[in-house]
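Grab a viewer and a coffee: here are some exercises to work through by hand. Try each task before you read its solution.

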Amino acid sequence: MKITNAAVATLLVVNGTLGTSQTEIKSLETTPPKNQTEQGAPVPQANNQTAAPVALHKIVLFFFEKGTGVALKRVEIAAGNKILYSDPEGKVEIEITKDSEGVLTASKSEFEPQQITSERLLANTELKIFLWPKLTGDNVVIVKGERKNAVSRKSITIAESRKIAPGGDPAQIVSLLPGVQSQGFGSDIVVRGSGPNDSKYYVDDIEVPFIFHSIGQLSVVPPPLLAEVQFDSGGFGPEYGDATGGVVVLRTTTEIPERPKTEFVLNFPIYSSLYHERPTGEDSFLAISLRRSYIDIILKAALKSREDEMDGGFTVAPRFTDAAIFHFKKDDAGHRKLSLIAAEDGLDLIAPIDEATNEDGTAEFSISTRFVNLGYERLVRLNRQWKLTSTPQVSYLQTENDFDGNQVEFNVTKVRVPTELVKRLSKNEDLYFGMDPEYIRTENNIFSIFPRFEDPTFDIEEAEKEKLNNKASFSTLAAWVAMDKQISSLRLTPGIRGFYNSAIEKSSYDPRLRGSFEVDDKNTLKAAIGQYSKAPEAREAAESIGNPGLDYEKSIHYVAGVETKWNDRWTTETQLFYKNTFDVVSFDFDKKYNNDGRIESKGLELFIRRNLTNNFFGWVSYTYSQSLAQDSKDDDLIPSIYDQTHVLNVVSSYKLSSTWELGGRFNHETGTPYTRNSKAVYNGNLDKYQPRQDEGDRNQARLPDTNSLTLYSTYDFLYNTWKMALKAGLESYWYEPQVIGRQNNYDYSKESNQTGLPAIPFIELRGEF
Amino acid sequence: MVIKTFISLLIVGCMALAVGACNEPVDRQEQIDRLKGIGLVASPLVNSPSQGSTINATQITGYATIPLGKTPVVTAYLDQPTAGAISVKTDEIIIDASKQELTTYEGFQLLKFVARVTIPSVTLIQRFTDDFQGIQFRYGFTVSTEDDVEYIVGSFLVYPEGSEELQWTNPVISIDSPTENQSLSAEEEFDVIATLTKPNDEDVKLGWYVSEGEISNRRAGETTWTLPTKGKHTLILTARGKKSRGFAIQIKTVNIQ
């Protein structure tokens, strides 16, 4: 094949037959052959006869990445000992002689080389070539894990989270980390013995009313919008408060996309979603997301087919929707983030249950919760030393529940302006000043029982309904100061947080100290000690339905450990923790609630992490712990309902090729404690049996250990300008049914294991274009 | 957050029900196969304090099914305290043995027992606000036979003098189908139908009982009875007011051929 290229000014000769691997490329020197000029014009012969001009064919090649349509620059076209490269738009122009034969090879690192036949070149004047991505060597470490002075912090990238987290939801990745228990608690987590209500979730600095939908185990934030999940299981700094457990921060992305991208997900049987992002300038982008469940439609159809079996009818329609709009802009001083998140959860249920009072023997439930949250984060570098971050936000939450004669309607409007000022003292030393004012207004229209599951005699049919019709408002204010101080290899971060809550008219303060010591370039010792306070829940401290005299719950955290970075790929972390949580709000017959409770938790955590590279990542997370509780000082310490001795998670994801990926996770957890019923009484007013327990039996029995295995496979179908990923797998499988609780017959004379749902096969189709 | 947890548990439970994950064979409450309590009612239905702090005596009538050939004994019982209720002590309950009745039906005996609750003095410490739901007095009985025991508990309400709730009365029920001594075919499904009259503004909970067989939905006014083997059998319908603690009972005998 003879090819000319004006830029190279070289004639190329390619010999060989079409498709041979022994294609021989010869190049001629820049000196043209005897019978041609450089431009191919004939040269007059010695005998004054002119040679016939060579017929040339010009062709423009464009190179793109298969699956995205992104133009590829620096695609190498081998031409003998000459190399041609595509320009930033993926374009290269070449000329070939019209009698050319053979193939041209185009190659680029991380892509499969592609051969272009002469016939194809001659048949076109313009060709678009899409190169397939190739699985490269496992040499590049994407996540190395920066050393920060956050003692119990783990950061997981979205790339890892989306592959391995339950439901592919990054916010769920926390359940696979050390110190966290999740089995049987739904989407919410228990952190080092502290209950689900004791931890906080943020989207950057924004606090949303709820982070997880009631079905599907999905968070309200679209995964493509996230960059990282940051989790502190304890010992966190004074910038976070009102939490005695852990803090989860979903960090949104600040990476400006190079081009518009749209992603749709079809997840069977739960939901579909659509996400779109596009650059709106050199330093800004806009993202929009919408997600809706359709399990309500599927369930309705499935239950209709079982109508005849279920006398009285059974209808259940759980649903969720969420939407988000996000705008990010960088400027010379810093950046701005504007976010709007909205979500709705709902459930309509008609079921033939024992509590039914409809004449057809069914009870009706209608539950609906929705919120809208608007937040604006502004980061400004005031000068070389000072940086200011402020995130004013407003949220509106509306809940409407109607079940079995209980009616709950309340609206909550919350305005919050967390603000932090940072002064850089030196390269590794910063001084922090922060404040977090919050104003909350509620409108309540409630006539309902308030579940008190901690009361063993509580019965939803018998409990007295509480009435609350009012408008109330209260405010909280927190302020903190902290400092990062470097003394040789020792880094200390002392801090203190002060706060006031007008609902309980009480103030307090939490001193905290964290430190790390770099023993050598691999090993770092870490430790933290501090107090962490949490205000009682609004209903617990409410005037009419609670105890307004309640005080803050407090927890003292003691943490110590060592982190070892063996190399770029492997890190390990071992930590010991002890938590003494006191003034815990407990149920009280007379005052409804008191602060007499106490929880004591201690344990050992081990985290072995293989950092994310092109092909592989994974980790082993193990927690050994003990969690004891007492309702008052006069009571013995007994196992807390969150006591789980062993929690083991093994997660891994491996790329077999550029399009095939396999992954999975294994979980083993010790069974949780429960209380056996000693007998039951027949309630003649309700026509039902109510269990009774002996005080000494509380939490003395334990469920069997549980195991679950989730395996999945993902295959990418690559089209020219878009791609589709098909993910299929089996969620929560084990060879025998796993016990998630105990169940009783109608009069509690028999007890048997309650097993979880069988392994759920899932299919998810995700398109990106 | 608590409501979200409750919703999550409800949804998981419902989905399990939907996929039949909890569809295991269970004992059936409607089957009269042992000593079982089946109802309690107070008279007056709602009591009121007289002379400020003393309430009038309340008569409690209780019902239980007793296996054939067994002799029941009724005593007072003190249950675990429950939030929002005042426990009646055992010495404040006097069983009136003279009013005890034991009636034989097909497949079982029906015990009706009567007791008198006298509370010497009570301090009405609750404020009578607009959402007042009555003061609950919680009482209990033990019904025992030679080889079994049943703890039966209930409560009655006290409202201030002049309250509308003092006019509450018991619900009224009737079994429209089957009729008394109706002949039915064995091992078929038969529609049992009831009529309910609610005199008070409250929800009423129905409860079917059968000497044998299965009731599809024992809370429904119209449901099916999977008939047992041939012979005479008894059908019981009960109703109770959720607020008033009112009670009604009707019994029918059928002949299955």
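The exercises below deal with a predicted model.

**Exercise 1. Find out how chain B is divided into domains, and how many residues each domain gives to the contact.**

Step 1: Start with the bounds. Domain 1 of chain B covers 28-168, and domain 2 takes in 169-257.

Step 2: Look at the contact between the two. Domain 1 of chain B puts in 21 residues, while domain 2 of chain B puts in 27.

Step 3: Now take the centres over C-alpha atoms. Those of domain 1 and domain 2 of chain B are 23 Å apart.

**Exercise 2. Put together a quick profile of chain B: its helices and strands, its buried share and its surface.**

Step 1: Count the elements. Chain B has one helix and 20 strands.

Step 2: Check burial. Of the 257 residues in chain B, 51% are buried.

Step 3: Turn to the contacts between residues at least 6 apart in the sequence of chain B. Here 66% join residues at least 24 apart.

Step 4: Finish with the surface. Chain B has an accessible surface of about 11,100 Å², and carbon and sulfur atoms account for 48% of that.

**Exercise 3. Locate the largest nonpolar core and name the residues with the most contacts inside it.**

Step 1: The largest nonpolar core holds 47 residues, and Ile173(A), Leu250(A) and Trp619(A) have the most contacts inside it.

Step 2: Zoom in on Ile173(A) and skip its neighbours within four places in sequence. What's left in contact with Ile173(A) is Ile156(A), Ser161(A), Ile164(A), Ala165(A), Val229(A) and Trp619(A).

Step 3: There's also a second, separate core with 43 residues, including Val88(B), Val117(B), Trp168(B) and Phe247(B).

**Exercise 4. Track down two cis peptide bonds in chain B and say which loops hold their prolines.**

Step 1: Keep the usual picture in mind: most peptide bonds are trans.

Step 2: Go to Ser43(B) and Pro44(B). The bond from Ser43(B) to Pro44(B) is cis, with omega near 0 degrees. Pro44(B) sits in the loop between β1 (36-43) and β2 (46-47) of chain B.

Step 3: Move on to Ser177(B) and Pro178(B). They're also joined by a cis bond, with omega about 5 degrees. Pro178(B) belongs to the loop between β13 (172-177) and β14 (182-184) of chain B.

**Exercise 5. Take Arg192(A) and Asn181(B), and work out whether each is buried or partly exposed.**

Step 1: Begin with the backbone. Most residues other than glycine have a negative phi. Arg192(A) has a positive phi near 45 degrees, and Asn181(B) has a positive phi of about 60 degrees.

Step 2: Place them. Arg192(A) is in the loop between β13 (190-191) and β14 (200-203) of chain A. Asn181(B) is in the loop between β13 and β14 of chain B.

Step 3: Apply the cut-off, under 20% for buried. Arg192(A) has a relative accessibility of 3%, so it counts as buried. Asn181(B) comes in at 42%, so it's partly exposed.

**Exercise 6. Outline the nonpolar surface patch in chain A, then classify Ile325(A) by its accessibility.**

Step 1: The patch is about 670 Å², and its members include Ile288(A), Ile325(A), Leu338(A), Val394(A) and Tyr439(A).

Step 2: Which elements give two or more residues to the patch? They're β21 (334-351) and β22 (363-381) of chain A.

Step 3: Ile325(A) is in strand β20 (residues 315-330) of chain A. Its relative accessibility is 39%, so Ile325(A) counts as partly exposed.

Notes:
Residues are numbered from 1 along each chain as its sequence is written. Chains are lettered from A and ligands numbered from 1 in the order in which they are written. This is a predicted model: local features need pLDDT of at least 70, side-chain atom pairs count only at pLDDT 80 or more; totals for chains, interfaces and linings use all residues. Side-chain values use heavy atoms; hydrogens and water are left out. A nonpolar core is a set of buried Ala, Val, Leu, Ile, Met, Phe, Trp, Tyr and Cys residues joined through side-chain atoms within 4.5 Å. Buried means under 20% relative accessible area, exposed over 50%, partly exposed in between (1.4 Å probe, protein chains only). Contact means heavy atoms within 4.5 Å. Helices (H or I, at least four residues) and strands (E, at least two) are DSSP runs, numbered from the N terminus. Patches are made of residues with over 30% relative accessible area and no salt bridge: like charges are joined within 9 Å, nonpolar side chains (Val, Leu, Ile, Met, Phe, Trp, Tyr) within 5 Å. Accessible areas come from the Shrake-Rupley method with a 1.4 Å probe; for residues, only the protein chains shown count as cover. A salt bridge is a side-chain nitrogen of Lys or Arg within 4 Å of a carboxyl oxygen of Asp or Glu. Domain bounds come from an automatic or database domain assignment.
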